[in-house]
Every structure is written in structure tokens, then in C-alpha cells.
Amino acid sequence: MNRRMIALLVLTAAGTCLGAAQLPQHNLGRPATAEEIRKRDISVAPDGTGLPAGHGSVKEGRRIYKVLCGSCHGDRGQGFGDYPPLVGGQGTLKSKDPVLTVGSYWPYATTVWDYTHRAMPYQRPGTLTPDETYAVTAFILYMNGIVDEKAELNEKSLSKVKMPNRDGFVPDPRPDVPTKEGKK
Amino acid sequence: MKPRGFSRRAFLTTASAAVGAATITSAQIPQRLGAPRRQYGERSSYETSSRYFHESITPGTGSSRTPLQDLYGIITPSALHFERHHAGVPQIDPQRHELLIHGLVERPLVFTMKELRRFPSVSEIRFIECAGNTGSDHAGRPGIDPQRSHGLVSCSEWTGVPLKTLLAEAGVKTKASWLVVEGADASRLARSLPLTKALDDVLVAYGQNGEALRPEQGYPLRLLVPGWEGNINIKWLGRIQLVDQPYMTRDEAASYTDFMPDGKARWFTFVMEAKSVITRPAGGQVLDGPGFYEITGIAWSGQGSITRVEVSTDEGKSWQDAALNTPVLPKAMTRFSLPWRWDGGETSLQSRCTDDTGYTQPTRAELVAVRGLLPGPDGFNHYNGIKAWYLHRDGKVSHE
């Protein structure tokens, strides 16, 4: 069998496979419009894909944080009861008393932006504009010493912020305990 | 032949007099017309089993626990299914609910609930377990009864459309490798799901135990991701986006991760490994004295089917095989039982299960040796150690 034939066979196999699975079998549902996708799609990837255009500064973030965030997370991001701390703990992860916060633990700045945008403030989630979200994110990162006081974040710069624990995660190694088949 | 001088009426009078005197207890004999029919059934007013939760300053983000010690068989009554919400329970009008599938697909599509119910459907019995179930046992604060130790697991018959059917309808592009799945709750809870799992056994479910989903379980539509941690079984499912990378949402890149003693953390630890617990006799219960009891409990594995459950009634010195009650289904609860005679002495009762991958439920010590005792940002997740209940001479069963 020559190379071209093999290539053809592989192509046919792939085509058959995808083809059978990919053709609409039921013709139910209606096409989604670009407009409704734009309205509903709020996903943000760690490389910045999906971030809306906008910008916000530490200074603006400080003002918004004081009004909308501080009453639960504390004026310095120290947390309160069930409301988790946002600040502190850098350099403690390998210690006996690790302190896990947005600053010390979260691996991506986009995660902070996305969660704040979709789920905060707790009582009125989803009400922050993109600009407000950039600003609050900038202020939280500033409180953690990750960006400086003059920083302004936007859809280009956010994903370039390197979080201290960026390389702190490993894939699932389980089963991680020796299995005891037939232990008696 | 009717006994002379002992009419039915006379007997009833005698019997009720005896009950009235409260000297003996006897089976109740109805003398009054019963209640009329009703449109939607309720349990007996004598039954009080309920979900457990404690008050918190963030009631919308809490959990409630299934009373495992009160349940029979493997199906959790929908009203007692555990809850875990991150922004409260939304009240969704099914006529206005739509599922959007978009991203790396040939044909972005929107489905109404009515359309989703027109697809070929399947019904499957599967457990859902919160990643944090038994986290306090990991921490060394063992739950005092099955509900408080293991109550963040439930098992239902789920009905819906295989996700792969809907994905074929939209046509997945070859570049796609992950899905972002998102709820229509206030926090629009989102997770990244590998495409391989989506094409395997994931269900877009609208039915729970023969009726529509309960609001607390995602009405009108949820994702059912068999064997994987509860959080990724997105409730109130509204949007599925095909993408080329995990999107690192909070609940996969911070919460639901497993913090290890070396300062690193595991992420994307999806599978809930094999686990079992004795539900009777168990913590919080009191035995009536020496004699016969059936030991019973539940076992489950996110990897497949339970093949064996062993029970020790002598503090782990010896183990004997419990019977696996049918049906034994993959990624579902399996009920086990063992006849047992209590001699009145102090002892402990433990169970350990094995699944069809050959994996056997480990001890807490074995898990702690590897995973340590430093909690993650939301405590301990994915703990599946053997649970012991301690039986005392007075018949009381406790957790320590």
C-alpha cells in the first residue's frame, strides 16, 4: 500500500467517524444569533480570550471596593467569617501555616476578573460593568503587592499579570494510595 | 365458625379500651373514615426525617445534608437530596429557559425545554457527591452520624438527553477540546469539562426520580456528570461553550483543589473514588440490647461498579464479605447488608469497598500519609477513608 492510499484511508476513516457523529440527526433547536451569543457569553480564558474591552485603575478600584466589597471582605481584604480573605499569605504555602488567599493561591488574574464579574457582589452578582471589574481586580492585586499603585488593567494587560502561585498546581495523580487488593 | 359471645364490635371495644388504658401497645385498628385523596402526595405525618444544615451568614451559599441513616435501598427521595448552592436557588420559568450551545461548533444552537424533551431520552441511576463530603473526617473531626459525616451524597434516577446527542446536533469542530458549562443561577457558576467526558456518559437531565428536577437540584435543566465531583454537575444549565482550553474558573483553579503538604495543589481531580459507610447501626443510634441486627450501608465509586464490600465488627481485626443488594449499578449507590448478632460488648463497626478497577477504599491514615492535614481554601475535598462507628455497652453508637 503506497503512502497516498494510506493517507486516503485515514482521511476516509476520520471523515466517516466525524461525519456520522456531526450531522444533525434531529433538526431540533434554532440557530443562535451572534447578538444573543454576545450577550450571554461571559467566559474568560487564562490567555485573555473573551475579555471585553475596558479598563480600570487601582485608584478607581479602591473607591468601588470600599462601597461594594469591604463590608464583607474587610477594608483591607482580610476577610470576615465565611467571607474569605483576598489578601496575604504570599510565601506561606510551603510553611506549616499556609494562608491561602486570592493573592497567595489563585493562579490566574483572569480567574479573579471572571469570578468578580460573574458572581460578585454577593447580593447583586453580575452587576459590575467591565470597567468596574478591571478596577476592582486591579485594587485586589494592588493590596496583594502584585501590581503597583499606579496600575491600570485592561483586556490586553490583565492576562499578562503573573500571579505568585501560577506554577503551584499539579494534575490529578490518583489513585495515590497503594491499593490493597485482597487485604485480610 | 364465629366464636360464641365474641362479636367483632365487642372485640374492637375491648381492644380500644386496652389501648386507652395504655397498658399494652397493639396494632391500631381503624374506626374512622380515612383522609380523602390528594393531588400531590405527602409522607406520613409520623415521618420526620429531614435534611440537616446549620445557619450561616451566607444562606445562599450553603449546603444541606441527606439523612442517610433513615433511608432504604439506593434511591434518595428528591425532597431529601443534598443541596449545595453558591448563589441561592433560582426560580426559573421552564417556558423561558433556553440552552445555548456555541463556541467551536459548526452550528450554534438554542434549545427550548420543549425541544430538549423531544430528543431520544435515557434514564440512569447515578450518585452525585459533593467534593467536600466527609472533609471533616479528613480533618480529624469525624461526623457524629451518617448524615453529618457523609450526607453530601445522594443517588437518583436521572432522565434526559445524552450530551453527545446535542453536541452532534451542533457539530463539534476538531479544535475543540473542552467545554465551559454554565448555570443560570445568580452567580452563573461555570466549570470546564473535558470533551472526552462530554462525549462519554454525560447527561443533560430534566427528570429526577420520575418527575421534573427539584429546584434545588437544578430545575428545569442540569448536567449530570457521572462519578465526578458534584460541583461540575452544573445545575440550572443554560450555556455550553466549546473551547480549546480549560478556562480556569474559580471552582477549578482555586476552590475544589486539593492542597498538599509540599505546598503544591492538585487541580482537576474530578473523580469521586470508591467509598462506603455503614448507615445502621451508626453514630447517633441506640441498640435495644444484645441480639440480632442487620448491618447495612451504602457504597459507591465514581470509577464504576462496586464489586465487594467487607465489614469488620471486631475493630478491624477480621473482615467478612457483606451481601451486595441488587441492583448493583456503575456510578450509583450500592446497598450492602450483613446479618450480625451483637454480644453486648464494646466494639467498632467499619466497612470498606472495592470497585471494578480493583481499587479498595483506603484508611484515613493511608490518605493522610499522602495528602497531609493542611486544608485547601475550602477545606478538604475528595476524602474517601474508611469510617468507623463505635458501639458501647449501653447500646449507644458514637463517632469516636
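**Close-ups of a predicted two-chain model**

In chain B, 33 residues of domain 1 are in contact with 32 residues of domain 2. That contact gets its own view below, alongside views of chain A and of the place where the two chains meet. Keep in mind throughout that this is a predicted model.

**View 1. Domain 1 of chain B, seen where it touches domain 2 of chain B.** On the domain 1 side, the elements that put in two or more residues are strand E5 (122–129), helix H3 (135–139), helix H4 (146–150), strand E6 (153–162) and strand E13 (258–259) of chain B. H3(B) gives the largest share of this side, with four residues. Sorted by class, the domain 1 side comes out at 18 nonpolar, eleven polar and four charged residues.

**View 2. Chain B with its two domains in frame.** Domain 1 of chain B runs over 68–266, and domain 2 of chain B over 275–398. Between the C-alpha centres of the two domains there are 27 Å.

**View 3. Chain A where it touches chain B.** Here 52 residues from chain A meet 56 residues from chain B. Look on the chain A side for helix H1 (3–22), strand E1 (30–31), helix H2 (34–40), helix H6 (109–119) and strand E4 (169–170), the elements of chain A that give two or more residues. H6(A) supplies the largest share of that side, six residues. As for residue classes, the chain A side has 27 nonpolar, eleven polar and 14 charged residues.

**View 4. Strand pairing between E4(A) and E14(B).** Zoom in on E4(A), which also turned up in the previous view as one of the elements on the side of chain A that touches chain B. This strand pairs with strand E14 (residues 265–266) of chain B in the parallel sense, over two bridges. To find one of the partners, start at A:Phe169: its bridge partner in E14(B) is B:Ala265. The numbering of E14(B) also puts this strand at the end of domain 1 of chain B, which covers 68–266.

**View 5. Chain A on its own, with seven helices and four strands.** Tracing chain A along its sequence, you pass through the pattern α-β-α-β-α-α-α-α-α-β-β. Of its 184 residues, 35% count as buried. Among the contacts in chain A with a separation of 6 or more, 59% are between residues 24 or more positions apart.

Technical notes: Residues numbered from 1 in each chain as written. Chains lettered and ligands numbered in written order. Predicted model: local features only at pLDDT ≥ 70, side-chain atom pairs only at ≥ 80, totals over all residues. Contact = placed C-beta atoms within 7 Å. Nonpolar A, V, L, I, M, F, W, Y, C, P; charged D, E, K, R; others polar. Pairing = 2+ DSSP bridges. Domains from an automatic or database assignment. Buried ≥ 20, exposed ≤ 12 C-beta atoms within 10 Å, placed from the backbone.
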